[in-house]
Amino acid sequence: MVIGYVRVSTKEQNESRQELLMQQLGVDKIYIDKMSGKDTNRPQLQEMMAFVRQGDTVVVESISRFARNTKDFLDLMDKLDEKGVAFISKKEAIDTSTPSGKFMMTVFAAIAELERSYILDRQAEGIAIAKAEGKYRGRKPKEIKDFEKWYNKVKNGETSISHVCKVLGIARSTWYAHAKAFEEEQIVDFG
């Protein structure tokens, strides 16, 4: 069987272009994930990996649709190889049923990871510049209704932070961030 794997990063993105390619290639079955490729914990990828059998071929539009880092890519390739499944990436013209295809697969996986690192670096640089210019402040902190009341109950030993976090549906880190800001505000007001 020829099995296609398609991935887009978000639910809003359209996978039609990749699906059309799969139809043109005559794949027998298509698996589609609409989520980040940052790791291999993707339902359709996992289902496909469990489904493929010896003699099958997995086809993707590009390596970046299959895996975002070299380690994940090579781990997936090892699993396919153990099952006797070939891998084809159309964009990079890789076909692991040939020795040169296996070599090129490793090279392109490393390049894809390098490209991803560059993207993350540029993103971090852009955020730093925006912060320095006062254009980026991060997301707004979560509002906590009746925070002062809950804060005083915790401070007076009437309840625990764990209990309050559970009741309010917040993380402990959110509680501590609000408590720190509240305490700093009190020092300014009463100082």
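Q: Which helices each supply at least two residues of the lining of the largest cavity?
A: This is a predicted model, and a search of the whole structure finds 1 cavity of 30 Å³ or more. Its lining is made of Thr40, Gln46, Met49, Leu76 and Lys79. Gln46 and Met49 fall in the stretch 43–51 of helix 2, while Leu76 and Lys79 fall in the stretch 70–83 of the other contributor. The two names are helix 2 and helix 4.

Q: How many residues of each class, nonpolar, polar and charged, line the largest cavity?
A: The space to picture here is about 30 Å³. Around that space sit Thr40, Gln46, Met49, Leu76 and Lys79. Sorted by class, the lining has 2 nonpolar, 2 polar and 1 charged residues.

Q: Which helix gives the largest share of the lining of the largest pocket?
A: Let's move to the pocket, with about 210 Å³ of space. Helix 3 (63–66) and helix 5 (99–132) each supply at least two of its lining residues. Among the lining residues are Phe108, Ile111, Ala112, Glu115 and Arg116, and the largest share is 5 residues, from helix 5.

Q: How many charged residues are in the lining of the largest pocket?
A: Try picking them out from the lining, which includes Arg65, Arg68, Lys91, Glu92, Glu115 and Arg116. The rest of the lining divides into 4 nonpolar and 2 polar residues. The charged residues number 6.

Q: Which strands are the edge strands of the open sheet?
A: The sheet has 5 strands in the order 2-1-3-4-5, with mixed pairing. Reading that order from end to end, strand 2 stands at one end and strand 5 at the other. Each of these pairs on one side only, so look for residues 29–34 and 94–95 in the model: the edges are strand 2 and strand 5.

Q: Which residue stands opposite Val58?
A: Strand 3 covers residues 57–60, and strand 4 covers residues 86–89. These two strands run parallel and are joined by 4 bridges. Opposite Val58, in strand 4, stands Phe87.

Q: Which residue in the turn of the hairpin has a positive phi?
A: Strand 4 and strand 5 pair in the antiparallel sense over 2 bridges, and Ser89 has Ile94 as its bridge partner. The hairpin has 4 residues between its strands. In that turn, a positive phi of about 55° belongs to Ala93.

Q: At about what angle does helix 2 run to strand 2?
A: Find residues 43–51, which form helix 2. This helix lies across strand 1 (2–8), strand 2 and strand 3. Relative to strand 2, helix 2 runs at about 150°.

Q: What radius of gyration does the protein chain have, when a compact globule of 191 residues would have one near 16 Å?
A: The protein chain has 8 helices and 5 strands, in the pattern β-α-β-α-β-α-α-β-β-α-α-α-α along the sequence. Its C-alpha trace spans about 75 × 40 × 30 Å along the principal axes. Set beside the globule value near 16 Å, the radius of gyration of the protein chain is 25 Å.

How values were computed
Residues numbered from 1 in each chain as written. Predicted model: local features only at pLDDT ≥ 70, side-chain atom pairs only at ≥ 80, totals over all residues. Heavy atoms only, no water. 1 Å grid on protein atoms, 1.4 Å probe; cavity = no way out; pocket = protein on both sides within 12 Å on 5 of 7 lines; lining within 4 Å. Points joined across faces, edges and corners; volume = space filled by probe spheres on them. Nonpolar A, V, L, I, M, F, W, Y, C, P; charged D, E, K, R; others polar. Contact = heavy atoms within 4.5 Å. Axes fitted to C-alpha atoms, helices over the stretch in contact; angles between N-to-C directions. Rg over C-alpha atoms; globule rule 2.2 N^0.38 Å.
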